[in-house]
Amino acid sequence: MAKSLAQEFTKGLWKEIPPFRLVLGLCPVLGVTTSMKNGIGMGLATAFVLICSNILVSLLRKVVPSKVRIACFIIIIATFVIVVEMMMQAFVYGLFLDLGVFIPLIVVNCIVLGRAEAFASKNSVIPSMADGMGIGLGFTFSLAALGAVRELLGTGGLAGDIFGFLPYELPNLFGASFEPFAFAVQAPGAFICLGLMLFLLNLVPSK
Amino acid sequence: MEMIKMVVVLTILSVISGGGLKWLEEFTKPMIEVQELELVKGPAIREILKGASNDPVESRFKIQDGDEERTVFVGAFDGEPRVAVLEVSGKGFADKFGLLVAFDVVEDKLAGISVTTHKETPGLGGEAKDNPAWAAQFKGKPVNKQCKVTNDGGDINALSGATITSRAVCDATNQALAKYEEFKPQLVENMKSAVK
């Protein structure tokens with residue numbers, strides 16, 4: 001492993017940013033990004049699961065027999081997902097109502113399992129944590145960006161809060177005469193906005 | 001040898017995970033109940049009991065049903081307590097769901113139902129909660145008749161594409177009907193003092 005810790009961390013923020021570079025885990029990406037608030041909430045929930053599961057998978061990598069490793073990873077990931085689900089219900093119920101069924105679906109998010117299998121099970125704890133944080137933050141950033149684009153086009157402004165803190169409100173960024181594209185916040189709009197963002201990102205070379 | 005190791009590792013992991021989650025559940029349960037009451041059940045109760053002269057969320061009492069406690073919400077109209085709201089849970093298409101069933105104790109009729117927490121598919125089973133016109137079918141049904149969807153010979157129109165959810169809501173309503181029969185004297189007795 002010649003890569004430095006900083007490289008493990010920053011690769012998730014740009015070079016391998018999910019879901020744009022690693023086109024993985026698209027179900028929550030398309031499903032919850034109707035607003036920036038939901039995108040950030042979902043991204044941070046996934047990041048938490050990713051960091052915790054990466055740490056644990058890495059700690060247990062020598063104990064877990066390779067034949068049952070996937071089952072063990074799933075147990076670890078599922079546990080943290082339920083932790084997130086219960087904490088959200090206890091503290092930010094409104095966000096839980098918005099994200100709904102997508103929170104339990106983090107269990108089968110292939111980014112989380114992918115990092116456990118491809119990285120954490122082969123590396124020691126600190127790099128695994130850095131990897132989880134990088135990929136998690138990258139995912140949060142992507143979801144927030146996609147959510148912001150859709151919310152802007154769909155409603156003409158941005159409004160919400162982050163986990164009940166930091167409320168923000170930017171109404172009518174395009175002027176009062178702007179006619180919102182309700183299409184952008186509906187399901188087909190998710191595909192089109194994601195496609196446009198992929199196109200823009202691919203204009204910039206990744207290396 | 002490897003076989004034993006696999007079994008042991010998986011067992012230990014599952015036990016730790018299960019135990020930890022149980023502890024967390026105990027810890028977060030009271031907070032989740034408060035949040036649910038405020039954000040899901042509260043609005044649903046107020047919607048069913050529109051026009052009530054009291055605050056139905058505050059006017060609640062508990063009754064003992066076997067080992068469990070059930071919370072009953074009371075709606076008063078013109079100062080007279082007349083609607084009792086029972087909460088039951090049913091097994092939906094995806095997972096358990098919560099259902100509030102309101103009974104008019106004076107006329108022995110259903111005063112309305114409302115799905116609270118659920119994990120049904122949005123747009124199909126989720127309509128049970130999101131489409132008030134569908135839930136309104138239950139309003140005014142007599143308490144001595146079981147609810148059934150039209151496919152099963154009843155008079156409730158199932159949600160299109162969500163027969164399982166519709167049946168589940170009917171089953172849960174019937175469960176509430178049975179509870180109402182069982183506890184009616186107790187309900188009527190407690191309702192007077194509960195109104196706030």
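## Exercises on a predicted two-chain model

Strand 5 of chain B gives the most to the lining of the second largest pocket, with seven residues. The model is predicted. The exercises start from this pocket and then move to other parts of the structure.

### Exercise 1. The second largest pocket

Task: Describe the second largest pocket by its volume, its lining and the elements that supply the lining.

Solution.

Step 1. Take the volume. The second largest pocket holds about 560 Å³ of space.

Step 2. Look at the centre. The lining has 26 residues, and those closest to the centre are B:E47, B:I48, B:A111, B:G112 and B:I113.

Step 3. Assign elements. In chain B, at least two lining residues each come from helix 1 (2-48), strand 3 (80-91), strand 5 (109-115), helix 2 (127-130) and helix 3 (132-135). Strand 5 of chain B leads with seven residues.

Step 4. Sort by chemistry. The lining of this pocket has 16 nonpolar, three polar and seven charged residues.

### Exercise 2. The fold of chain B

Task: Which elements make up chain B, and in what order do they run from the N terminus?

Solution.

Step 1. Count. Chain B has four helices and five strands.

Step 2. Order them. From the N terminus, the elements of chain B run α-β-β-β-β-β-α-α-α.

Step 3. Add the dimensions. The C-alpha trace of chain B spans about 75 × 40 × 30 Å along its principal axes.

Step 4. Check burial and contacts. Of the 196 residues in chain B, 44% are buried. Among contacts in chain B with a separation of 6 or more, 51% join residues 24 or more positions apart.

### Exercise 3. Two stacked ring pairs

Task: Set out the geometry, location and exposure of the pairs B:W23 with B:F27 and B:F103 with B:Y180.

Solution.

Step 1. Start with the total. Over all chains, the structure holds five aromatic pairs. B:W23 and B:F27 form one that is stacked, at 5.6 Å centre to centre and 5° between the planes.

Step 2. Locate this pair. B:W23 and B:F27 both sit in helix 1 of chain B, four residues apart, about one turn of the helix.

Step 3. Read the exposure. B:W23 counts as exposed because its relative accessible area is 58%, and the cut-off for exposed is over 50%. B:F27, at 43%, is partly exposed.

Step 4. Turn to the other pair. B:F103 and B:Y180 are also stacked, with 4.3 Å between centres and 5° between the planes. This pair links distant parts of the chain: B:F103 is in strand 4 (residues 96-104) of chain B and B:Y180 is in helix 4 (residues 163-194) of chain B, 77 residues apart.

Step 5. Read the exposure again. B:F103 has 0% relative accessibility, so it counts as buried. B:Y180 is buried too, with a relative accessible area of 0%.

### Exercise 4. The contact between the chains

Task: How many residues does each chain give to the contact, and what area is buried between chain A and chain B?

Solution.

Step 1. Count the residues. Chain A gives 24 residues and chain B gives 20 residues.

Step 2. Take the area. About 2000 Å² is buried between chain A and chain B, and carbon and sulfur atoms give 79% of that.

Step 3. Find the main contributors in chain A. A:I75, A:M86 and A:Y93 lose the most area to chain B, together 29% of what that side buries.

### Exercise 5. The cavity

Task: Which residues line the largest cavity, and how do they divide by type?

Solution.

Step 1. Count. There is one cavity of 30 Å³ or more. The largest cavity has a volume of about 40 Å³.

Step 2. Name the lining. B:K141, B:P142, B:K145, B:Q146, B:C147 and B:D155 line the largest cavity.

Step 3. Sort them. This lining has two nonpolar, one polar and three charged residues.

### Exercise 6. Two single residues

Task: Place B:D108 and A:L170 in their chains, and classify their exposure.

Solution.

Step 1. Place B:D108. B:D108 is in the loop between strand 4 and strand 5 of chain B. Although not a glycine, B:D108 has a positive phi of about 55°.

Step 2. Classify B:D108. Its relative accessibility is 28%, so B:D108 counts as partly exposed.

Step 3. Place A:L170. A:L170 is in strand 2 (residues 165-170) of chain A. Leaving out residues up to four places away in sequence, A:L170 touches A:G157 and A:L158.

Step 4. Classify A:L170. A:L170 is partly exposed, with a relative accessible area of 39%.

Note on methods:
Residues numbered from 1 in each chain as written. Chains lettered and ligands numbered in written order. Predicted model: local features only at pLDDT ≥ 70, side-chain atom pairs only at ≥ 80, totals over all residues. Heavy atoms only, no water. 1 Å grid on protein atoms, 1.4 Å probe; cavity = no way out; pocket = protein on both sides within 12 Å on 5 of 7 lines; lining within 4 Å. Points joined across faces, edges and corners; volume = space filled by probe spheres on them. Nonpolar A, V, L, I, M, F, W, Y, C, P; charged D, E, K, R; others polar. Phe/Tyr/Trp six-rings, centres within 6.5 Å; stacked < 30°, edge-to-face > 60°. Buried < 20%, exposed > 50% of the residue type's maximum accessible area, 1.4 Å probe, protein only. Contact = heavy atoms within 4.5 Å. Buried area = accessible area lost by both parts, 1.4 Å probe.
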